[in-house]
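Load the model in your viewer and keep the selection panel open. The stops below go residue by residue.

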Amino acid sequence: MRAVLFAALLAVYSGAATAAEIDGRRVLADVQELSSDAYLGRGPASEGEDKIVALLIERMTSAGLKPGGDLSPSGERAWTQDVPLARFRTDGPVAVAVRMADKVQDWVQGEQIAIRAAQTGQDRVTIKDAPVVFVGYGVRAPERGWDDFKGVDLKGKVALVLINDPDLEGGEGDFGGRAMTYYGRWTYKFEEAARQGAVGFLVIHETEPASYGWPTVRNSNVDDIFDVVRPDPAAAHAPLEGWIQRDAAHAMLRAAGLDLDRLKAQARTRAFRPVELSGVAFSADYGVKVHKVVSRNVVGVLEGARRPEERVIYTSHWDHLGVGVPDANGDRIYNGARDNASGVALLIELGRAFARGKRPDRSVVFLAVTAEEKGLLGSTYYVETPLYPLETTVGVLNMDSVGVGWLARDFSTSGNAALTLQDDLIAVGARAGRRYSPDASPEAGLFFRSDHFPFAKAGVPAISFTGGQDLIEGGRDAGAARQIAYNTMRYHQPADEFDAAWDPRVAEADGALLLELGRKLANSTAWPEWKPGSEFKAARDASAAARR
């Protein structure tokens, strides 16, 4: 009976009209190539970038796409969009000392603490015996009547801040329950640090609220840090930005006669006030090298036959973490097979499928962006300096960690968007015999962690597709176990490598849904919309006249 059910489910997958247009084995071959050691972990502004950009241009050319990047003086499009970035690197040792009750402890970069190279433009950061203040979740949200700072002056002080939202552990409150808002993201915490004038912000790492372990934090923060080029970088960043282990934070608080769990309970309420750690002082000293570099988005396009000025955009980030801290086996290359060679390989395959088929009414853009791992910088730059008008961009379909693994009955998105485009995806999936499962970890804030988010902030309808976890073999338990194992052992680690056991039918199934949805959008006169109540609706509505 089990064999019969399994065969029936596979028949549903292979019966989709578009499934035959996606070659799963070719997708996996591209994943294997893109994530090989030859590309040195695909770090932006590196030798690996030069190699990967050349490969993507070759693949898009052979797929039948045309260049869609920067305009030359003669009016011709290049294959790439230049993305100017600033690269920050710690120069020499990072010295950290914490005085607790008249005893000084030296902390080791990457062990108790992970300090990011300062993005303020200064060439050295020196902090001597700065007071330390616990600021709860570090949220200032006037529209919710919430202010964790209560007017406390943080100038010259280092703040300790919790990751995620005040609602996370209680499950309900002023922030919508366990689903993370942008206030819970570490990026917001650092933005608020600059606004508050703190000399430093240290995020307390806890695995469940962060949704990833300490190795991910360490590997993402102690190497090169990138940012867009800013006219006044000190207005956007505190001199010291970093994370500390929970045990290290607990020790600091205990030395001041405080208890972390009790403070966390207080921080879940509006009444919370910042608490200075009596007898605790923080010192750090390290050099910083700053370089201005140019990375590249790679852009292919298929011109529309009837309304070429209206565009559907597929996005996927080509970058990963490059060469970094070695793991226990001495491996220093962060190959990023699942994250995100998989998405780029499927992007190329979708380009092939579109180019082989009947030309759509609207144009379709295939945008492989840089520096997602550095803070969605490639997609942010595109949104701030778009190659094509955002007002007449129909929608964005992002792919991150897709098309690899094992067949599932379901599919999902990163976060749950109040958007008709998500409804369209669900309907396409239903016709293919797959059901939509809402984001299984809304507390992880995945909606804010992929390249569709800068588009959404600008009002463009945008979603990020992910595969499902209800596996045909093993069900939800097996899917959850595989996801936990990946997050623990592979995510943002050198072990995220190509797996020959991956089923090529996964790429065919996921690709079929994305191809069908893209064609629906590209051959329609309709415009997806944000639903009433969405925080992104006003930005989109402001440009409604351009779509009439």
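Select Glu-143 in this predicted model: Glu-143 is exposed, at 54% relative accessible area. Add Arg-144, which is partly exposed with a relative accessible area of 26%. The two form a salt bridge, and their closest N and O atoms are 3.5 Å apart. That pair is one of 36 salt bridges in the structure.

Next, select Asp-470. Is Asp-470 buried or exposed? Its relative accessible area is 7%, so Asp-470 counts as buried, the cut-off being under 20%. Show Arg-409 as well: its side chain meets that of Asp-470 in a salt bridge, 3.1 Å from N to O. Asp-470 sits in the loop between strand 20 (462–467) and helix 13 (475–489), and Arg-409 in the loop between strand 17 (393–399) and strand 18 (410–413), so the pair links parts 61 residues apart in sequence. Arg-409 is partly exposed, at 23%.

Keep Asp-470 and add Arg-435, the partner in another salt bridge, at 2.2 Å from N to O. Arg-435 belongs to strand 19 (residues 435–436), so this bridge ties together parts that are 35 residues apart in sequence. Arg-435 is partly exposed, with a relative accessible area of 38%.

Now select Arg-26, Asp-30, Glu-58, Arg-59, Glu-349 and Arg-352, which salt bridges with shared partners join into one network.

Finally, select helix 2 (residues 24–34), whose buried residues are Gly-24, Val-27, Leu-28, Asp-30, Val-31 and Leu-34. They span an arc of only 160° around the axis and therefore lie on the same side of helix 2. They pack against helix 3 (47–63), helix 9 (337–356) and helix 14 (504–522). At the N-terminal end of helix 2, Asp-23 acts as a cap, with a side-chain oxygen 3.1 Å from the backbone nitrogen of Arg-25.

How values were computed
Residues are numbered from 1 along each chain as its sequence is written. This is a predicted model: local features need pLDDT of at least 70, side-chain atom pairs count only at pLDDT 80 or more; totals for chains, interfaces and linings use all residues. Side-chain values use heavy atoms; hydrogens and water are left out. Buried means under 20% relative accessible area, exposed over 50%, partly exposed in between (1.4 Å probe, protein chains only). Helices (H or I, at least four residues) and strands (E, at least two) are DSSP runs, numbered from the N terminus. The arc is that of the directions from the helix axis to the C-beta atoms. Contact means heavy atoms within 4.5 Å. A polar contact is a pair of N or O atoms within 3.5 Å; within protein, one must be able to donate a hydrogen and the other to accept it, and residues adjacent in sequence count only if both atoms are side-chain atoms. A salt bridge is a side-chain nitrogen of Lys or Arg within 4 Å of a carboxyl oxygen of Asp or Glu.
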